[in-house]
Amino acid sequence: MTFLRIDHLEKSFGANRVVKDFNLDVAQGEFISLLGPSGCGKTTVLRMVAGFETPTSGAIHIEGADIVGQRPNQRNIGMVFQAYALFPNMTVAQNVGFGLKIAGAGRAKTDARVEEMLSTIGLEGYGGRYPFQLSGGQQQRVALARALAVRPRVLLLDEPLSALDAKIRTSLRAEIRQIQQRLGITTIFVTHDQEEALSISDRVVVMNGGIAEQVGTPFDVYNHPATAFVASFVGTLSILEGTVKSKAEGSVQIAGQTLTRLRLPDDAAGDDKVSLSLRPESLRLDRRKGDLDLAGKIIAADFLGSVIRIQFEYGGSRVSLDVFNDPTRPPPAVGGSLTVHVAPETILVMRR
Ligand code: ATP
């Protein structure tokens, strides 16, 4: 059942339409990410749900009631921002209890809830500290506890991890997901980091230029991208350009080679220009039956630790593949030639 429903939401700043016909149904307890490049309208959608921005048109319903006319403090929504935004002159306990105090909760109830929240975020005993005495990751956990303390119906997270360093970011993101699932709280999370969105969400909304290009599970948006933008924004992708040779054989001509048995778009015809998208993990150095062979020259080999990301030139394009590090062998050398193998059904073909 739909818990939060966004219908035909639009927002313009002057002549600039930054959110265009945005629709989304969120189930109770679901974790949704809004993913897209800077300026695509993610934060504006979130701010309209929170009540900090008024839609130009469209509706937002929570449990069947339209909330667009309500002030932010009437909506019972919790929000965590990118910058920690804790009150610097208040202790951790005062920060976490702030919303309850404003709502007129008694001392005993507030104290009990603050203790419960500090335990939820793993910061028992930190209530007397001030924000400056905490690390960035701890401050963000306090911001989360403050948002959750009033038991909001919906939790909104606006790039809450982007100011943290890589290791803390990964561990805190797992922690946020655990807490969210434990509390069963409906959550919308804004990020421009595709790995973050894929790892944490039940469903991802991929946005581009104010439009939701695709709404789907992480598995779906990665493996079955609805548009060329989604295919290139979510994950690393190498794109080859070619021309359809035979629709019946599923063959495409690329720089002197004919690749066959490709799954062509239904409406493709001979001589159509097409692009072929390849994921790095679909390409292999070992050959399996039915594979296509792509021969090229290595132009880069980046040692990333457990894997080496190789880039080689094929058909005038740069193609990436990942190979596992083998500590007993030197990594492949730049300038050398390479033949890689790919199953034709893993190649996504789109018309140009
Ligand atoms: P980022 O990841 O950089 O925060 P975003 O996808 O969240 O990007 P928004 O912050 O929603 O994008 O902004 C979308 C567009 O709306 C941008 O072009 C931005 O400049 C514009 N915009 C946002 N707020 C306002 C405002 N108050 N007045 C005028 N234009 C605004």
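**Exercise 1. In which hand does α2 pass α3 in their crossing?**

Before we start, note that this is a predicted model, in which local features need pLDDT of at least 70 and side-chain atom pairs count only at pLDDT 80 or more, while totals for chains, interfaces and linings use all residues. Residues are numbered from 1 along each chain as its sequence is written.

*Solution.*
- Step 1: Find the two helices. They are α2 (residues 92–102) and α3 (residues 107–120). Helices are DSSP runs of H or I with at least four residues, strands are runs of E with at least two, and both are numbered from the N terminus.
- Step 2: Look at the axes. Those of α2 and α3 come within 9 Å and cross at roughly 130°. Axes are lines fitted to C-alpha atoms, for helices over the stretch in contact, and angles run from 0 to 180 degrees between N-to-C directions.
- Step 3: Name the arrangement. α2 and α3 are therefore oblique to each other. Angles under 35 degrees count as roughly parallel, over 145 as roughly antiparallel, 65 to 115 as roughly perpendicular and the rest as oblique.
- Step 4: Read the hand. The crossing of α2 past α3 is right-handed; the near helix is turned clockwise from the far one by less than a right angle, whereas anticlockwise would be left-handed.
- Step 5: List the partners. α2 brings Ala-93, Val-96, Gly-97, Leu-100 and Lys-101, and α3 brings Lys-109, Thr-110, Arg-113, Val-114, Met-117 and Leu-118. Two residues are in contact if their C-beta atoms, placed from the backbone, lie within 7 Å.
- Step 6: Sort them. The α2–α3 contact holds six nonpolar, two polar and three charged residues. Ala, Val, Leu, Ile, Met, Phe, Trp, Tyr, Cys and Pro count as nonpolar, Asp, Glu, Lys and Arg as charged, and the others, Gly among them, as polar.

**Exercise 2. Describe how α2 packs with α4.**

*Solution.*
- Step 1: The axes of α2 and α4 lie 7 Å apart, at an angle of about 25°.
- Step 2: That angle makes α2 roughly parallel to α4.
- Step 3: The contact uses Val-142, Ala-145, Arg-146 and Ala-149 of α4, together with α2 residues including Phe-98 and Gly-99.
- Step 4: By class, the α2–α4 contact has seven nonpolar, three polar and one charged residues.
- Step 5: Check burial. In α2, the buried residues are Val-92, Ala-93, Asn-95, Val-96, Gly-97, Gly-99 and Leu-100, and they pack against α3 and α4 (136–149). A residue is buried if 20 or more other C-beta atoms lie within 10 Å of its own, exposed if 12 or fewer, and partly exposed in between, with C-beta atoms placed from the backbone.

**Exercise 3. Which residues surround the ligand?**

*Solution.*
- Step 1: The shell is made of Phe-13, Val-18, Gly-36, Ser-38, Gly-39, Cys-40, Gly-41, Lys-42, Thr-43, Thr-44 and His-192, each with its C-beta atom, placed from the backbone, within 6 Å of the ligand.
- Step 2: Helix α1 (residues 42–50) gives the largest share, three residues.
- Step 3: By class, the shell has three nonpolar, seven polar and one charged residues.
- Step 4: Turn to α1 itself. Among its buried residues are Lys-42 and Thr-44, and just after α1, Gly-51 takes a positive phi of about 100°.

**Exercise 4. Where is Ser-162 placed?**

*Solution.*
- Step 1: Ser-162 sits in the loop between β7 (154–158) and α5 (166–183).
- Step 2: Ser-162 counts as partly exposed because it has 14 C-beta neighbours inside 10 Å.
- Step 3: The C-alpha atoms of Ser-162 and Ala-83 are separated by 8.7 Å, although the two are 79 residues apart along the chain.
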